Structure formats: C-alpha cells, structure tokens
Amino acid sequence: DGKLSFDEFKAYFADGVLSGEELHELFHTIDIHNTDNLDTEELCEYFSQHLGEYENVLSVLEDLNITILKAMDKTKKDYQKASNLEQFVTRFLLKETLNQLQSLQSSLECAMETTEEQTRQERRDPTKPEVLSIQWPGKRSARRLQRNNSLLPNSPHFSTVTFCNHSLFIFSKGWFEEDNQWMTQINRLQKLIDRLEKKDLKLEPFEEEVLEENARSHIMIVQRQMSVIEEDIEEFRLALKQYVESASTQGGCLHVSIQKLPSDSRFIVYEFWENSNAWNSHLQMNYSKTFQRSNVDFLETPELITTMLVPGKY
C-alpha cells in the first residue's frame, strides 16, 4: 500500500544481528511523522544521512545498470546477423563482464560476512536476534528464501540468518576417498533424520569427540519443506525433477532424496552437501535460482529450509 508497517519493516530489514527491541527502536527513529508506518520519504530521509562513500557507489551502480541494459539491447539486435568471429567476441565480452561482476559480488559478500560476524562476536547482548522472514501478500506470491549460516565446528552455537536473495562462497572439495563410504554415511544420516521425525530416537551413551585442529569433516544436511498448490503439482514435479537432476551433478552434492507426504500436497527434499560452502555455492547456480523463482508460483506457503552440520565420519 506504499508504506511499511513494523512487521513488514522487520521482515525486510532484520539481519540476524539486531534484536527485536533494536529493530523497534530503529523503526520509530525513521518514523519522523509518528504514524506507525514508514513511507518512501521517511526511508530516503533516514538513509540519505548515512550514505557516505556509498552515495558514489550506488550512483555508479545505477549508471552501470543502465549501461549494461543498453549493451544487452544492442546485443539482442545485432547478434544474429553478426559474423562467427563477431559472435565469438560478443560471447567472450558477455562472459568477461559476468566474471567481473561476480568477482565484485564476491568481495561484497566477504565484507558483509566479516562485518556481521565481527558484530556478533563483539555483542554481549543475550537478546535473541530477529530472523528475516519476507512474506508478500497473495496466494501465488508468498515467498521466503532462507539462508542458514552455520558457524565453524568449534563454535558454541549455530547462527541462523534468513536472507531474501543470494549468498556467494568459495567451493572446496571433500575429504573421503571412495563413493561407497559416502553412500554408507548418507544412508545412516537419512535414517537418523527419519527417526528424529518419528520421535522414536534412542540416544547412544555419551562419548566425547576431540576434533583435530582445522578439521573440515562436517557434512551439511538441508531439509526443504514445500506445500504445493494442488492444481500446480504436475508443473512443480517437473521443475523439481529438473532441479534435482542439476543439483545431483554438482561436485559438492553427495545425495538428494525426495519424500511426498500422502496426506497433503507437501514435498520434503533432503540434500546432503560436502560442507556449507558447497551448499551456498549451489544456491548461486542458475538452475537453483530458476527453481526458487518458480516456487513463487507453485507454493501455497513460504518454503521452509532447515540446515544442520553433522560430523562426516558418522
């Protein structure tokens, strides 16, 4: 409706660091008209005071966006009638432009990750940070994309942040040598998840594990729950099949499993990745983004994504 309520403000601006109380205080700081709603003028007024060097950055990005769109338009018009050599040069320039933009994005992602982590380490406030959850109104446009940042194995807890767009990480390869070892571990992990869901887990006797220094032996388990609109199930199945086939070919993907609940139109997808970097790198791939965009139309409610790091040796 052209203005933000506090719930809408919190859903977009929560960053997993600020607590609910801090977000509420920020909301009322921006709400200079004291209407309990934020309009565009108030948002611009607040952020324009804090842009600093980023005023130039955003201005350049706006110019860059216009320039790229003009280049894309010209490429669309000229490519078909160009010679083979000219088409090759065009493809090279497109690829190089993309590489440069991805490199810039990688630097920004690293800076963002570093500042967030530094803030978490410096804060001593026990108040639980707010988790970002974006839900746009309307049956076919509800969407929530989550990003779960699991800290290193020696961290005292996992920090979960839900983010509306993308993450970019450097891919690193795993630690086991034979595929049958992977499959054995994957099957055991999947049985463990099933037992947890049925709540009949019998805990084993406590055994303390001492990890080697700099050990990188944790597998990322991802559970995705999707409630599909009844009339769109067949289209969703096709999109899901294409997604699973593409994900399964990725170097960091260990296994993908799909469950369809008979009682309703809910699908549960289990994904096993070599580590959190492999999972987040997978989120940047075109097939993954295409599947996420299609879910906007296919899902009745926002997708629920849960991740967990587990020791790979189990």
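User: Let's start with H9: what span does helix H9 reach from its first C-alpha to its last?
Analyst: This is a predicted model, where local features need pLDDT of at least 70, side-chain atom pairs count only at pLDDT 80 or more, and totals for chains, interfaces and linings use all residues. Residues are numbered from 1 along each chain as its sequence is written, and side-chain values use heavy atoms, with hydrogens and water left out. Helices here are DSSP runs of H or I with at least four residues, strands are runs of E with at least two, and both are numbered from the N terminus. H9 covers residues 286-298, 13 in number, and an expected span is 1.5 Å times one less than the number of residues, so H9 comes close to its expected 18 Å by reaching 18 Å.

User: Which elements do the buried residues of H9 pack against?
Analyst: Buried means under 20% relative accessible area, exposed over 50%, and partly exposed in between, with a 1.4 Å probe and protein chains only. Among the buried residues of H9 are Tyr-287, Phe-291, Val-296 and Phe-298. Contact means heavy atoms within 4.5 Å, and the partners here are strand S3 (218-227), helix H7 (233-248), strand S5 (266-273) and helix H8 (276-283).

User: And H5, which residues are buried there?
Analyst: H5 runs over residues 84-122, which is 39 residues. Its ends are 57 Å apart, C-alpha to C-alpha, close to the 57 Å expected. The buried ones are Gln-87, Glu-109, Glu-116 and Arg-120.

User: At roughly what angle do the axes of H1 and H2 cross?
Analyst: Axes are lines fitted to C-alpha atoms, for helices over the stretch in contact, and angles run from 0 to 180 degrees between N-to-C directions. H1 (residues 6-13) and H2 (residues 20-30) have axes that come within 10 Å. Their crossing angle is roughly 115°.

User: Which residues of H1 meet H2?
Analyst: On the H2 side, the residues involved are Gly-20, Leu-23, His-24, Leu-26, Phe-27 and Ile-30. An α-helix has 3.6 residues a turn, so residues three or four places apart point the same way. From H1, the residues are Phe-6, Phe-9, Lys-10 and Phe-13.

User: What covers the buried residues of H1?
Analyst: The buried residues of H1 are Phe-6, Phe-9 and Ala-11. Their cover includes strand S1 (3-4), H2 and strand S2 (38-39).

User: Zooming out, what percentage of the protein chain's residues count as buried?
Analyst: The protein chain has 9 helices and 6 strands. Out of its 314 residues, the buried share is 32%.
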